[in-house]
Amino acid sequence: MSLTSSLRALAAEARQRMTRWILAHRVRARHPTLRCHPSALWDYAFRDLSAIEIGQSVSVGAFAEILVYRHTEHSAVEGRLSLADRTVISTGVNLRAAGGHIRIGVGSAIGQYCVIVAANHQLLPDKARIHTRWDEVRCGVVIGDNVWVGASCVVLPGCIIGDNAVIAAGSVVTGNVPAGELWGGVPARLIRAIEHGATDSAATA
């Protein structure tokens with residue numbers, strides 16, 4: 001690599017770092033009770049900050065990546081992100097709120113290295129998968145109040161997880177999870193109803 005190319009690459013990286021710092025600063029300034037680790041990455045259009053709704057005392061951990069695009073060429077569905085009061089987004093979580101609305105309810109916790117995706121590419125015959133438009137019917141994710149999504153889970157577009165549900169670590173959620181149930185596996189299935197006062201930390205860590 002030539003010296004000129006190296007300098008251009010360094011300049012581009014510096015601009016990207018500055019842009020990310022500005023975006024994160026604007027989110028924190030708009031939401032003063034937000035507790036956000038400095039390494040968390042926010043990616044959104046400057047004029048679309050209103051597409052991000054954050055309640056009181058929300059926590060975002062180190063190296064989380066949060067993408068929110070209200071408009072995208074891949075879908076006519078608006079992207080939005082809503083984090084209710086006391087939501088916890090743990091280390092390394094990836095939230096992709098484009099082509100759909102991701103809603104996470106009061107007091108819910110998203111475990112380390114989870115991925116939550118609002119929209120996915122359509123599967124069309126003989127079409128390049130990565131270049132197809134996104135599915136505009138099965139899109140968005142709703143996670144209710146007091147939900148615990150264990151570490152390294154994937155929640156796919158169109159899913160609704162009911163209040164007080166728990167998703168076991170390492171699961172892939174492809175459908176709706178009723179309130180008050182423990183689900184786990186790939187794809188996630190019902191393990192059992194959550195009884196009042198019962199605990200099962202081994203399944204959900």
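Colleague: In which order do the five strands of the open sheet stand?
Modeller: Happy to start there, and keep in mind that this model is predicted. The strands of this open sheet pair in the parallel sense. Reading across the sheet, the order is 3-6-9-12-15.

Colleague: Which strands stand at the edges of the sheet?
Modeller: Look for strands with a single partner strand, because one side of each is then left without a neighbour in the sheet. That description fits residues 52-54 and residues 160-161. The edge strands are therefore strand 3 and strand 15.

Colleague: Which residue of strand 15 stands opposite Val142?
Modeller: Strand 12 covers residues 141-143. Strand 12 pairs with strand 15 in the parallel sense over two bridges. Across from Val142, in strand 15, you will find Ile160.

Colleague: Is Leu3 buried or exposed?
Modeller: Leu3 lies in helix 1, which spans residues 3-30. Leu3 belongs to a nonpolar surface patch with Leu7 and Leu10, and together they have about 340 Å² of accessible area. The relative accessibility of Leu3 is 65%, and the cut-off for exposed is over 50%. So Leu3 counts as exposed.

Colleague: How many residues apart are Glu65 and Arg96?
Modeller: These two form a salt bridge, with their closest N and O atoms 3.1 Å apart. Glu65 sits in strand 5 (residues 65-69) and Arg96 in strand 8 (residues 94-98), so the pair links distant parts of the chain. Glu65 is partly exposed at a relative accessible area of 28%, and Arg96 is partly exposed at 28%. Along the chain, their separation is 31 residues.

Colleague: Is Arg70 buried or exposed?
Modeller: Arg70 forms a salt bridge with Glu78, the closest N and O atoms being 3.3 Å apart. Glu78 is partly exposed, with a relative accessible area of 36%. Arg70 has a relative accessibility of 13%, and buried means under 20%. Arg70 therefore counts as buried.

Colleague: Which residue forms a salt bridge with Glu136?
Modeller: Glu136 is partly exposed, with a relative accessible area of 34%. The partner is an arginine that counts as partly exposed at 39% relative accessibility. The closest N and O atoms of the pair are 2.7 Å apart, and the partner is Arg133.

Colleague: How many salt bridges does the structure hold?
Modeller: We have already met some of them, including Glu65 with Arg96 and Glu78 with Arg70. Another one is Glu136 with Arg133. For the whole structure, the number of salt bridges is five.

Methods. Residues are numbered from 1 along each chain as its sequence is written. This is a predicted model: local features need pLDDT of at least 70, side-chain atom pairs count only at pLDDT 80 or more; totals for chains, interfaces and linings use all residues. Side-chain values use heavy atoms; hydrogens and water are left out. Two strands pair if DSSP finds at least two bridges between them. Helices (H or I, at least four residues) and strands (E, at least two) are DSSP runs, numbered from the N terminus. Patches are made of residues with over 30% relative accessible area and no salt bridge: like charges are joined within 9 Å, nonpolar side chains (Val, Leu, Ile, Met, Phe, Trp, Tyr) within 5 Å. Accessible areas come from the Shrake-Rupley method with a 1.4 Å probe; for residues, only the protein chains shown count as cover. A salt bridge is a side-chain nitrogen of Lys or Arg within 4 Å of a carboxyl oxygen of Asp or Glu. Buried means under 20% relative accessible area, exposed over 50%, partly exposed in between (1.4 Å probe, protein chains only).
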